[in-house]
Amino acid sequence: MWRRGLDLDGALAGTLERLGYGAVWVGGSPDASLAKPEELLAATGSLVVGTGIVNIWTAAVDDVAMSTRRLLDTYGDRFVLGVGSGHREASGAKAATPYQALAEYLDTLVADGVPRENLVLAALGPRVLGLARDRTAGAHPYLVTPEHTREARETLGDGAVLVPEQHVLLDTDVARARSVARASLTNYLRMANYRNSWLRLGFTEEDLAGGGSDRFVDAVVVHGSPAAVAARLAEHLDAGADQVAVQLVAGEPGESAEDGFARLAAELGLA
């Protein structure tokens, strides 16, 4: 599962572990202390916790390295550090290109003792995917389609880990689901890195206008029954993903997140 750190706590992590999920990815740009991942690790016994992602523009690299070493010393390979260039629009960073800044951040992490095996990149385009292949354990792409997963696997090769994130709505009312999906995409449609990724996948500027065409929304946010969602996740796995980080945007009206997690876990046969 992928979930914003503000919406995660130890109790929910324990619930996800009991339901059979193997990992949780902490979104919302966790800070350099990595306090939220540490809380989730302490509350569980086998769940892998990854960051999705630590933003290189806002988290001091030496502090991130120190926090990572602390978690690895305590919890071993149950922790994975995901880093990325995030949204320069939000940070106002202009001193370096995202690629240059990311490469330099990696240099410092490795020099400060963060092992490659516990490090992944938020990679969308081919250049950063290549950096993930050459310098880290793999890639954690966000808001992508199975087509992107297929292309990413071709770039990464067989040895690297690939964990795409997938927006999910457990709602069989198509009109309602599309409306919620569009709302969930509003901010991302303003971000150049996501727009460029979607354009590379064959969507047009018209697809990205006005909150997104039906074709675009349906491709990026899977909605419907648990079986329909499971089918989309299987497409990612068939395209070369090692696991899929599911972001449950919403379920049926009135359904709690925990109920949605449980329905999806039952469909996937996790327990």
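Thr51 is buried, with a relative accessible area of 0%. This report starts there and works outward through a predicted model.

**Around Thr51**

Thr51 belongs to strand E3. Its side chain comes within 2.7 Å of the backbone nitrogen of Gly82. Gly82 is also among the residues that Thr51 contacts beyond four places in sequence. The others on that list are Trp25, Val26, Pro30, Leu34, Pro37, Phe79, Val80, Leu81 and His140.

**The loop after E3**

What comes after strand E3 (48-51)? A loop leads from this strand to strand E4 (54-55), and Gly52 sits in it. Gly52 has a relative accessible area of 10%. The cut-off for buried is under 20%, so Gly52 counts as buried.

Which residues does Gly52 contact, leaving aside neighbours within four places in sequence? They are Trp2, Trp25, Val26, Gly27 and His140. Trp2 is 50 residues away from Gly52 along the chain, yet their C-alpha atoms are separated by 7.7 Å.

Ile53 lies in the loop between E3 and E4 as well. The peptide bond from Gly52 to Ile53 is cis, with omega near 10 degrees. Most peptide bonds are trans.

**Two leucines with positive phi**

Most residues other than glycine have a negative phi. Leu34 has a positive value, and so does Leu143. The table sets out where each leucine lies and how accessible it is.

| Residue | Phi | Place | Relative accessible area |
|---|---|---|---|
| Leu34 | near 55 degrees | loop between strand E2 (23-27) and helix H2 (35-42) | 0% |
| Leu143 | about 60 degrees | loop between E7 and H7 | 0% |

Leu34 counts as buried. Leu143 is buried too. Leu34 also returns us to the start, as one of the contacts of Thr51.

**Helix H6 and its cover**

Helix H6 takes in residues 126-135. Its buried residues are Val128, Leu129, Gly130, Leu131 and Ala132. What covers them? The cover includes helix H5 (98-111) and helix H7 (146-156), along with strand E6 (119-121) and strand E7 (138-139). E7 and H7 also flank the loop that holds Leu143.

**A buried aspartate**

Asp207 is in helix H10 (residues 205-208). Is Asp207 buried or exposed? Its relative accessibility is 9%, so Asp207 counts as buried. A polar contact of 2.7 Å links its side chain to that of Ser213. Beyond four places in sequence, Asp207 touches Ser213 along with Gly212, Arg215 and Phe216.

**The whole chain**

Now step back to the full chain. It holds 13 helices and eleven strands. The radius of gyration is 18 Å, close to the 18 Å that the globule rule gives for 271 residues, so the chain is as compact as a globular protein of that length. The C-alpha trace spans about 50 × 40 × 35 Å along its principal axes.

Of the 271 residues, 51% are buried. Take the contacts with a separation of 6 or more: 69% of them join residues 24 or more positions apart.

The accessible surface is about 11,300 Å². Carbon and sulfur atoms account for 50% of that surface. As for charge, the chain carries 24 positive and 36 negative side chains. The centres of these two sets lie 4 Å apart.

Key
Residues numbered from 1 in each chain as written. Predicted model: local features only at pLDDT ≥ 70, side-chain atom pairs only at ≥ 80, totals over all residues. Heavy atoms only, no water. Helix = DSSP H or I, 4+ residues; strand = E, 2+ residues; numbered from the N terminus. Buried < 20%, exposed > 50% of the residue type's maximum accessible area, 1.4 Å probe, protein only. Contact = heavy atoms within 4.5 Å. Rg over C-alpha atoms; globule rule 2.2 N^0.38 Å. Areas by Shrake-Rupley, 256 points an atom, 1.4 Å probe, with all protein chains shown as cover. Lys, Arg positive; Asp, Glu negative; His and termini not counted. Charge placed at Lys NZ, Arg CZ, Asp CG, Glu CD. Polar contact = N/O pair within 3.5 Å; in protein donor to acceptor, adjacent residues only side chain to side chain.
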